[in-house]
Amino acid sequence: MTPTAPASVVARMGVHMDASVAHTDAAEEARRAARIAAAATDARNNPVTAANRVERLSVQVRGEKKALAHCVRAVAAGEAAAAALSAAGGAA
């Protein structure tokens, strides 16, 4: 005669086995996500990628400086026109 475990023990064993499988699946997913994150970080920090990013941002800064210079000239021209109008006796 072979001894058999009570039903409650077998049920607990099944619950623990299911939990073990779920934890193993979660650990595999975490490993996969970590590999993907590491690859993305390596790509972002690649010297060629960083140089391209610096160049793109430099172009953007030059464009913003050019737009700002245009605005400064436009404001100065407007102020000069208002001063000339005021000096000529017009409404300011």
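Helices, here, are DSSP runs of H or I with at least four residues, numbered from the N terminus. By that definition D42 lies in helix α1. The model discussed in this report is a predicted one.

**Overall form**

The protein has two helices and zero strands. Its radius of gyration is 36 Å, whereas a compact globule of 92 residues would have a value near 12 Å. Along the principal axes, the C-alpha atoms fill a box of roughly 120 × 40 × 5 Å. Buried residues account for 0% of the 92 residues. The exposed surface amounts to about 7,800 Å², and carbon and sulfur atoms supply 67% of that area.

**Helix α1 and distances from it**

Helix α1 covers residues 7–44. Two of its residues, D42 and A39, serve as reference points for distances along the chain. D42 counts as exposed because its relative accessibility is 56%, and the cut-off for that class is over 50%. From D42 to L85 the chain advances 43 residues, and the C-alpha atoms of the two are separated by 62 Å.

A39 also has its place in helix α1. With a relative accessible area of 44%, A39 is partly exposed, a class that lies between the 20% limit for buried residues and the 50% limit for exposed ones. A39 and K66 are 27 residues apart in sequence, and 38 Å separates them in space, C-alpha to C-alpha.

**Salt bridges**

How many salt bridges does a search of the whole structure find? The search finds three, and they are set out below.

| Acidic residue | Basic residue | N to O distance |
|---|---|---|
| E28 | R31 | 2.8 Å |
| E29 | R32 | 2.7 Å |
| E55 | R62 | 3.8 Å |

E28 and R31 both belong to helix α1 and are three residues apart, about one turn of the helix. E29 and R32 likewise both lie in helix α1, three residues apart, again about one turn.

The accessibility of the paired residues can be given in turn. E28 is partly exposed, because its relative accessibility is 43%; R31 is partly exposed, with a relative accessible area of 43%. In the pair formed by E29 and R32, E29 has 40% relative accessibility and therefore counts as partly exposed, and R32 is partly exposed at 39%.

In the salt bridge between E55 and R62, the side chains meet at 3.8 Å, N to O, a distance that falls within the 4 Å cut-off for a salt bridge. E55 is partly exposed, its relative accessible area being 44%. R62 has a relative accessible area of 49% and so is partly exposed, since the exposed class requires over 50%.

**Helix α2 and its ends**

Helix α2 comprises residues 47–87, 41 residues in total. From its first C-alpha to its last, helix α2 reaches 59 Å, close to the 60 Å expected at 1.5 Å a residue.

Which residue reaches the backbone nitrogen of V48 with a side-chain oxygen at the start of α2? The residue is N46, whose side-chain oxygen comes to within 2.8 Å of that nitrogen. Beyond the other end, just after α2, G89 takes a positive phi of about 95 degrees.

**Summary**

The predicted model contains two helices and zero strands, with a radius of gyration of 36 Å and buried residues at 0% of the total. Two of the salt bridges, E28 with R31 and E29 with R32, join residues of helix α1.

Technical notes. Residues are numbered from 1 along each chain as its sequence is written. This is a predicted model: local features need pLDDT of at least 70, side-chain atom pairs count only at pLDDT 80 or more; totals for chains, interfaces and linings use all residues. Side-chain values use heavy atoms; hydrogens and water are left out. Buried means under 20% relative accessible area, exposed over 50%, partly exposed in between (1.4 Å probe, protein chains only). The expected span of a helix is 1.5 Å times one less than its number of residues. A polar contact is a pair of N or O atoms within 3.5 Å; within protein, one must be able to donate a hydrogen and the other to accept it, and residues adjacent in sequence count only if both atoms are side-chain atoms. The radius of gyration is taken over C-alpha atoms; the globule rule is 2.2 Å times the number of residues to the power 0.38. Accessible areas come from the Shrake-Rupley method with a 1.4 Å probe; for residues, only the protein chains shown count as cover.
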